[in-house]
Amino acid sequence: MALLSPILASTPAPPARTAAPGPVPAKVTRDTAVDGVRAILLGVVVLLHSLMVGVSVAADGSPILRNAMEGWDGFAPLTWILQIMPLFFVLGGFASYTQRTRQRAKGATTGEYVAGRMRRLLLPASGAFAATAVVLAGLAIAGVPADIVATAGFRISQPLWFLGVYLGCSALVPLMVRLHERHRLRTVVALATGVVAIDILRGATGVTAIGLVNMAFVWLLLQQLGFAVADGSLDRLRRAPLLAIASSAVVVAAVLILTGAAPADLITALNPPMAILVVAGVAQTALFLALRPRLRTWAAGARTASAVGWINARAMTIYSWHMLVVVALAGALLLSPLALPVPLSAEWWASRPLWFAAALIAVALVVVRAGRREAARETRTISVGSGRATTSASLGVAGVVVILVAGSAPSAWVIGVALVLAAVRLAGGRARG
């Protein structure tokens with residue numbers, strides 16, 4: 001992880017701060033480039049998951065719902081463009097740092113910050129989880145084959161790993177911000193060491209489950225990199241050194257792949273997360289910083305700013321609902337009289353633009369309705385203690401984990417909904433309003 005050194009050591013760490021109210025540092029502000037890229041990345045996620053959904057009919061007339069990308073040799077190189085989760089967490093770290101620093105300056109406690117994040121993330125998810133539970137149960141009652149219901153539940157649940165990890169990272173933001181301000185380099189070194197050690201241990205033992213520990217190390221490390229972007233530490237780096245860092249990261253990634261230390265398919269590297277995702281995150285962050293001035297100009301346009309604002313105001317609604325919508329569209333195709341092309345055939349590829357357009361329109365229509373609560377950002381601060389906020393975060397993560405582990409069964413979604421609603425309640429929110 002030596003690639004992180006020129007980035008994080010570009011300026012000395014700021015002096016330690018207390019939690020007492022004070023002026024917000026001038027550097028800690030919103031950035032239109034960050035907002036614009038976060039909106040783009042969310043669109044990439046929706047399109048990628050839409051691309052993966054393949055529906056067709058078997059020779060005996062039975063419906064087939066599967067991951068269309070499985071077995072396609074061209075998918076691995078494509079993931080070098082479409083694997084944007086590292087940058088997603090870096091920019092999420094930027095947003096978390098600015099929000100936490102701003103709220104702390106106004107006197108908000110750790111419990112109030114964490115509870116606010118739980119409400120912001122879980123309220124949109126609770127509606128999507130409840131809708132999915134109802135849809136899956138309805139399909140089962142209607143006599144849809146159990147394997148189709150199970151496949152639909154599984155496909156809808158898989159992208160939710162992001163929500164579970166993001167909940168955990170968000171709950172740890174107050175602690176990680178303090179570590180960033182007081183022990184910046186040591187924190188990064190410790191996390192990077194953990195990432196590498198877990199990868200080595202996993203490879204040496206062959207026990208894949210060991211890699212799950214990197215759910216914490218990898219994403220927290222990328223979040224810390226976002227903190228460094230937010231506090232202005234990287235502003236001294238100019239275009240040439242940034243491009244050199246990005247190029248070096250690509251070389252390191254290539255070495256990891258060629259030596260077998262990492263898969264060429266960067267989507268596979270998500271489960272469990274591996275060190276190559278950190279390397280990719282360094283490259284993506286360096287490129288983002290090199291392009292930042294141009295991105296700010298682009299994002300400042302009236303139409304662009306309006307679209308970006310609309311998307312970011314409903315980001316969790318989009319993420320929580322999009323797979324349910326896409327799978328529902330796939331089900332509608334199976335019920336239609338249309339002749340469905342075989343996934344990966346020439347006819348199938350030719351139909352992808354129309355499929356993408358239908359998916360984006362359908363997701364937007366659902367979000368217009370379901371995203372009103374998220375878009376109406378709360379302005380009040382709800383007094384919640386640290387213990388209660390921690391319990392809320394734990395229940396939220398537990399709800400997502402239940403769905404991830406057993407999402408093929410409608411009952412898992414019911415349990416997940418119950419846990420998430422309990423988490424929202426503890427955080428001072430309400431499921432209705």
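In this predicted model, Arg296 forms a salt bridge with Asp31, and the closest N and O atoms of the two side chains are 2.6 Å apart. The pair links distant parts of the chain, since Arg296 belongs to helix H12 whereas Asp31 is found in the loop between H1 and H2, 265 residues away in sequence. The two partners can also be described by their accessibility: Arg296 is partly exposed, with a relative accessible area of 37%, while Asp31, at 5% relative accessibility, counts as buried. Such contacts have a simple basis, because side chains of opposite charge can pair when their charged atoms come close.

Asp31 also forms a salt bridge with Arg292, for which the closest N and O atoms are 2.8 Å apart. Because Asp31 lies in the loop between helix H1 (5–8) and H2, and Arg292 lies in helix H12 (residues 275–299), this pair ties together parts that are 261 residues apart in sequence. Arg292 has a relative accessible area of 8% and is therefore buried, the cut-off for this class being under 20%.

Arg292 is in turn a partner of Asp235, and in this salt bridge the closest N and O atoms are 3.6 Å apart. Asp235 is located in the loop between H10 and helix H11 (239–258) and Arg292 in helix H12, so the pair ties together parts that are 57 residues apart in sequence. With a relative accessibility of 32%, Asp235 counts as partly exposed. Through salt bridges that share partners, Asp31, Asp235, Arg292 and Arg296 are joined into one network. In the whole structure, the search finds 5 salt bridges.

Contacts between aromatic rings were examined as well, and a search of the whole structure finds 13 aromatic pairs. One of them is formed by Phe89 and Tyr166, whose rings are arranged edge-to-face, with 5.9 Å from centre to centre and 75° between the planes. This pair, too, links distant parts of the chain, as Phe89 is in helix H4 (residues 85–105) and Tyr166 is in helix H7, 77 residues apart. Phe89 counts as buried at 1% relative accessibility, and Tyr166 is likewise buried, with a relative accessible area of 6%. Ring pairs also link Phe88, Phe89, Trp161, Phe162, Tyr166, Trp219 and Tyr319 into a cluster.

Turning to the pockets, the second largest pocket has a volume of about 1100 Å³. It is lined by 40 residues, of which Gln158, Pro159, Trp161, Leu270 and Asn271 are the closest to its centre. Trp161, which is one of these central residues, is also a member of the aromatic cluster. Several helices contribute to the lining, and at least two residues each are supplied by helix H2 (32–52), helix H3 (75–82), helix H6 (146–157), helix H7 (161–171), helix H10 (214–230), helix H14 (315–335) and helix H17 (386–406). Of these, H7 gives the most, with 5 residues; Tyr166, the partner of Phe89, is in this helix. By residue type, the lining divides into 28 nonpolar, 9 polar and 3 charged residues.

Technical notes:
Residues numbered from 1 in each chain as written. Predicted model: local features only at pLDDT ≥ 70, side-chain atom pairs only at ≥ 80, totals over all residues. Heavy atoms only, no water. 1 Å grid on protein atoms, 1.4 Å probe; cavity = no way out; pocket = protein on both sides within 12 Å on 5 of 7 lines; lining within 4 Å. Points joined across faces, edges and corners; volume = space filled by probe spheres on them. Helix = DSSP H or I, 4+ residues; strand = E, 2+ residues; numbered from the N terminus. Nonpolar A, V, L, I, M, F, W, Y, C, P; charged D, E, K, R; others polar. Salt bridge = Lys/Arg side-chain N within 4 Å of Asp/Glu carboxyl O. Buried < 20%, exposed > 50% of the residue type's maximum accessible area, 1.4 Å probe, protein only. Phe/Tyr/Trp six-rings, centres within 6.5 Å; stacked < 30°, edge-to-face > 60°.
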